[in-house]
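Me: I'd like a close look at one part of this model, and then a walk outward from there. Could you help me get my bearings?

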Amino acid sequence: MSTLKAVRGTRDLLPPETALWNRVEATARAAFARYGFGEIRTPLFEDTQLFVRGVGEETDVVSKEMYTWEDRARAASEKAQSLTLRPENTAGVVRAYIEHKLGDTGMLQKLFYIGPQFRRERPQRGRYRQFWQIGAEVLGPQSSGAESALRDAEVLEMLATLLDELGIPRASEANGNTGWKLALNSVGSSTDRPRYIAALKAALAPIKGTLCDDCQRRADTNPLRVLDCKVPEDQATINDLPKIADFLDEASTAHFAEVKAALDACGVPYTIEPRLVRGLDYYTRTTFEFTAASGLGTQNALLGGGRYDGLSEMLGGPKAPGIGFAIGEDRLILTLQALAEAGSLPVEAAKLDTYIAPMGAGQNAAALALAKELRAAGLSVEVGDGGFRLKKSFEIADKLARRIVILGEDEVASGVMTVKTFASGEQVKCERAALEALLRG
Ligand code: AMP
């Protein structure tokens with residue numbers, strides 16, 4: 001019989017790597033708490049229409065990458081329904097905001113989430129079909145200040161701080177620009193964008209024949225997507241196309257200027273990237289992407305986000321401007337692993353405090369009772385087996401723990417145990433009363 005494997009594009013995360021995932025999530029949760037965010041957990045699947053209307057029918061995510069199925073009715077009272085595994089979480093958060101009337105509080109909503117998303121992409125390093133995002137959204141009625149450029153800058157400053165806290169360096173000459181970089185743009189309001197798209201279409205019409213097949217199609221269906229093209233031969237032509245910055249109205253220009261001024265005041269470095277329009281249709285005004293060259297190869301976008309002032313209305317809700325981002329957690333982990341391998345990030349010792357080796361099956365119960373007491377005192381402990389030879393116990397203990405405690409019949413009777421510290425090779429006799437202090441040292 002053939003053995004079953006994890007489905008292509010999905011993977012198991014195992015210890016010790018999961019310790020790194022937990023550290024990243026704990027660091028993110030701590031940052032979110034300091035910036036006043038609360039956690040939201042939305043369902044893993046939603047009505048397909050949420051993504052069609054929210055993310056946009058023409059986007060790659062919706063047109064090619066969604067896991068969608070027709071969910072059969074189980075009872076006469078139910079209707080069959082098209083459901084989709086969430087490819088991103090912003091649409092779900094805004095749906096929940098509308099459904100629970102969070103705007104009625106009049107307060108700014110600051111929500112974060114950590115969870116898996118699903119896209120049927122071509123799997124490669126840093127690109128999976130089930131992947132994890134750590135994201136946050138700031139939204140609310142206009143009176144809550146949700147539209148303010150201050151919010152854009154606060155979110156970007158929080159991200160810079162989070163990456164700093166995780167130990168990812170900022171890009172500099174010294175690290176060969178392998179650290180993180182923030183690319184920033186404004187894609188304008190819902191009135192600026194159509195003017196820009198019309199100009200882009202007009203500029204593309206006479207030259208599109210010189211571009212790649214994908215761009216020729218996009219030039220007609222979704223010209224903004226031409227700016228995402230990665231084909232080397234197309235780049236010079238695309239760089240010469242009209243720039244969105246020249247089509248922003250006064251309000252959008254002023255909003256963007258305020259974002260930049262606040263970032264300057266907070267010491268967050270950025271570069272303006274006129275081609276950054278991002279893959280989802282709901283973005284307005286500020287868009288951004290953080291990249292890191294370390295460990296990611298071609299999939300170097302660590303996180304992305306932007307403002308979505310019209311999304312709530314697109315989903316049938318009240319006006320609720322907002323801004324948010326999603327960090328690709330898988331990519332963040334790859335970056336941290338690459339930094340650790342290069343020696344630029346300290347690798348935490350994941351060893352247990354001690355390993356208890358009972359000598360003979362008769363000591364198993366006493367070993368377990370001792371482990372229970374030490375664990376209750378906050379020490380991390382693994383228990384061996386009385387059936388193991390002493391040599392085997394030492395080998396296992398050396399792999400797992402910083403110390404070994406030998407527990408034979410004499411030790412149980414006298415209460416004096418033999419403890420060896422692997423790093424120093426030192427071996428001592430220790431009374432039970434002094435054991436905890438020794439193991440903590
Ligand atoms: P998006 O929701 O497309 O704006 O993506 C936000 C971030 O999620 C990206 O910058 C990536 O880091 C990450 N991401 C998106 N798609 C994938 C994928 N298929 N596999 C792993 N990470 C992804």
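In β16, which residue is the bridge partner of T418?

Reply: Happy to! The partner of T418 in β16 is K429. Before going on, please keep in mind that this is a predicted model, in which local features need pLDDT of at least 70 and side-chain atom pairs count only at pLDDT 80 or more, while totals for chains, interfaces and linings use all residues. Residues are numbered from 1 along each chain as its sequence is written, and side-chain values use heavy atoms, with hydrogens and water left out.

The T418 bridge belongs to the pairing of β15 with β16, which is antiparallel and has five bridges. Strands here are DSSP E runs of at least two residues and helices are H or I runs of at least four, both numbered from the N terminus; two strands pair if DSSP finds at least two bridges between them. β15 and β16 make a hairpin with five residues between them, and in its turn G425 has a positive phi of about 80°.

Stepping out from the hairpin, you find an open sheet of five strands with mixed pairing, ordered β13-β12-β14-β15-β16. β13 (381-383) and β16 (427-431) are at the edges with a single partner strand each, so one side of each has no neighbour in the sheet. From one strand to the next, the twist averages 25°. Towards the β13 edge, β12 (354-358) and β13 run parallel and are joined by three bridges; Y355 has E382 of β13 as its bridge partner. Helix α12 (364-376) lies across β12, β13, β14 (403-407) and β15 (416-421), at about 170° to β13. Contact means heavy atoms within 4.5 Å, and angles, from 0 to 180 degrees, are taken between N-to-C directions of axes fitted to C-alpha atoms, for helices over the stretch in contact.

Another open sheet has eight strands, also described as mixed, in the order β1-β5-β6-β11-β10-β9-β7-β8. β1 (38-39) and β8 (271-272) are its edges; each has a single partner strand, so one side of each lacks a neighbour in the sheet. Within this sheet, β10 and β11 pair antiparallel over five bridges, and G304 is partnered by A326 in β11. Helix α9 (250-266) lies across β7 (180-186), β8, β9 (284-292) and β10, at about 160° to β7.

Those strands lead us to the ligand. Its shell has 15 residues, the closest being R119, E121, Y128, R278 and A301; a residue is near a molecule if one of its heavy atoms lies within 4 Å of it. β6 (130-139), β10 (301-307) and β11 (322-328) supply at least two shell residues each, and β10 gives the most, with four. Now for polar contacts with the ligand, that is, pairs of N or O atoms within 3.5 Å. A polar side-chain atom of Q133 is 3.0 Å from a ligand oxygen, a polar backbone atom of A301 is 2.9 Å from a ligand oxygen, and a polar backbone atom of G328 is 3.4 Å from a ligand oxygen. The ligand taken alone exposes 480 Å², of which the protein buries 91% (accessible areas by the Shrake-Rupley method with a 1.4 Å probe).

Key:
A polar contact is a pair of N or O atoms within 3.5 Å; within protein, one must be able to donate a hydrogen and the other to accept it, and residues adjacent in sequence count only if both atoms are side-chain atoms.
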